[in-house]
Amino acid sequence: MRYAMVIDTLKCVGCSDCVVACQTENDVPIGYCRDWITETVNGAYPSIELELKSERCNHCENAPCVRCCPTGASHQLNNGIVLVTGDECIGCGACIESCPYDARYQHPDGYVDKCTFCHHRLEKGQLPACVSVCPTKCMYFGDLDNPNSEVSELLKKRKYKTLAPEAGTKPHVYYLI
Amino acid sequence: MDIDKRKRELVKEFSPALENYSLKTKIWIGCLVAIILVGFYAFLVQLINGHIVTGMRDNVVWGIYIINFIFFVGISYSGAFISGILHFFKTPWKNSVSRIVELITVLSLIIGPIFILLCIGRLDRLHYLFLYPRIQSPITWDIIAIMTDLVGCFIYLYLTFIPDFAILRDNKELKVAKWQKKAYRILALNYQDTTEQRERLHKITRTMSVMIIVLAIVAYTVLAWIFSLTLQPGWNSTIFAPYFIIAGLYSGVGVIIISMYAIRKYFHLERYIRKVHFIAAGIVLLVMSLLFGYFTFSEYFARWFSHKENDVHLLDTLFNRYFWEFIFANYIGVLVPIVILFFKKFRTIKSITFAAIIAVLGLWLNRFLIVVPTLETPYLPIQDTRAEFVNYSATWVEYSLSLTGIAAFCLLFTLLIKFVPIIPMSGIIDYERDQKKYNKRQPKKAVK
């Protein structure tokens, strides 16, 4: 099993519902976030377009944050999800610096925190909070190893990109374009 | 040469520094202790409230603590390198500076790692680094390298101290506290200065002098890798390890010159620490400033010319928000020492010390510019975040703890030079002994 998230940039309106849902679901401290919205203007005048997308930890296959963690608090599950065990994290910040997506932050309690793909919800058979609240249904979540899953089908049919592919991290968050 | 008589003479010469604490020294120690106490309060504030009392936030999670860490470890590395070379090549003037250099090496290696502890979000879980270490993490490499370096430097420093402890133990006229005499007796390890013991000690000190050079290079290289093995703009560079080594040597030589000046002035050691020593150290500083300038130019030129998007953001930040810091660190901090040290007529003790001060300040700022602006301009541009999360500015807690580090360094240095003479007496005797042998071997007409 390889969990992945697919986000349709053509359907995203940048409402930040996903950000609020994540903060509520995961009790993210005020001022911090595990996911966020970016706005990018592509093209040249007069043919320009605004791209909105929801970003978060990419749960990379080749995760530099896992590699550089000195205690093993940052680790990867068999299903591809990258997690931080808060109780084992010493808060050295090495993973924050190694992440090219700037997806991690230091929690006010000292340990490092980030998106978990709502691992606790997945265990109950639920979708991540951000996916479940998206009003335009631009976010999809599923198993990449299953060729019939919604995410696999979308990646077969549509054009997509990943963030900073040159970093060689093999991200598991895909953006349909 | 009557060795015992010479030993007594040397103890008599250096004993005032060991026996008496002048009013000036007491005030100096009092000030240092006061700074350390304020720092201890700042540490408690940080321990109770967490990193929220510092300027470190979401993006800039490493601030001036890590800059101080790099700076102190760099000084230590440089000290180990210079001390090792002085011992290995039996440099004739090593006696004048070797102990200053050795003390700087060990003390900065004790103070430096304390700063990295202040960076850690959960200090209470520090032992996890030893209970659950993961060898693929550069942080683990760094811990292993620094601890090995520290042990190596301690052994080396102690080996160079043993003959002096023995001289102080054997001197009956020395008026120091009982515990101090007892300490000399224990620390001298029954060293009797026999030919066999002396040769064995010289052999092992020489071996250790090579080992600490290697250990220091490894430790500082690993430290550079913590940065260069990430993708962050400004850090991901193949020349970072040699660049750090040159920078470490540059700052270290600067600190050694400043210490030489202060000690010469305070202890009136004009006979031992002479202008020729300042000029020799100044020339090393000149070579280092040229190399450092060359590496700095190469680093920034490559980033500017390649014009990668994230590098452009970084250079924009450097030339706007940190313009004056950039100018001081990379222009004034390099060019002023070069100009002063290049022309013979400028090479006075005061001007060489001034050049060293400029070099040290410039180097500290250079480390700041490597760490902070990079974190403010990460690999992918940041949007819609709080200004205080992106723009770093240190708080009083960080400044106070930084000053505490410097004060602790100065305090330990002061206390140690009150415990053993700052000029190695055994080194002077060895030198005189060698000179006598050399003169005996030479035909008379060749002796000037």
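Student: Which residues is Tyr140(A) in contact with, leaving aside its neighbours within four places in sequence?
Tutor: Keep in mind that this is a predicted model. Tyr140(A) sits in strand E8 of chain A, which covers residues 139–143. Beyond the sequence neighbours within four places, its contacts are Val6(A), Glu150(A), Val151(A) and Leu154(A).

Student: And is Tyr140(A) buried or exposed?
Tutor: Count the C-beta neighbours inside 10 Å: Tyr140(A) has 21. The cut-off for burial is 20 or more. So Tyr140(A) counts as buried.

Student: How far apart are the C-alpha atoms of Tyr140(A) and Leu83(A)?
Tutor: Along the chain, these two are 57 residues apart. In space, their C-alpha atoms are separated by 20 Å.

Student: Which helix gives the largest share of the largest nonpolar core?
Tutor: That core has 166 residues, and Met139(A), Ile66(B), Ala219(B), Ile256(B) and Leu285(B) touch the most other members. The largest share of the core is 16 residues, and it comes from residues 349–376 of chain B, helix H13.

Student: What does Ile66(B) touch, not counting residues up to four places away in sequence?
Tutor: Ile66(B) is one of the core residues that touch the most other members. With those sequence neighbours set aside, the list is Phe115(B), Ile116(B), Cys119(B) and Val371(B).

Student: Which helix supplies the largest share of the side of chain B that touches chain A?
Tutor: On that side, 31 residues of chain B are in contact with 31 residues of chain A. Helices H5 (128–131) and H6 (138–170) of chain B each supply at least two of the chain B residues. The largest share is three residues, and it belongs to H6(B).

How values were computed
Residues numbered from 1 in each chain as written. Chains lettered and ligands numbered in written order. Predicted model: local features only at pLDDT ≥ 70, side-chain atom pairs only at ≥ 80, totals over all residues. Helix = DSSP H or I, 4+ residues; strand = E, 2+ residues; numbered from the N terminus. Buried ≥ 20, exposed ≤ 12 C-beta atoms within 10 Å, placed from the backbone. Contact = placed C-beta atoms within 7 Å. Core = buried A, V, L, I, M, F, W, Y, C linked by C-beta atoms within 7 Å.
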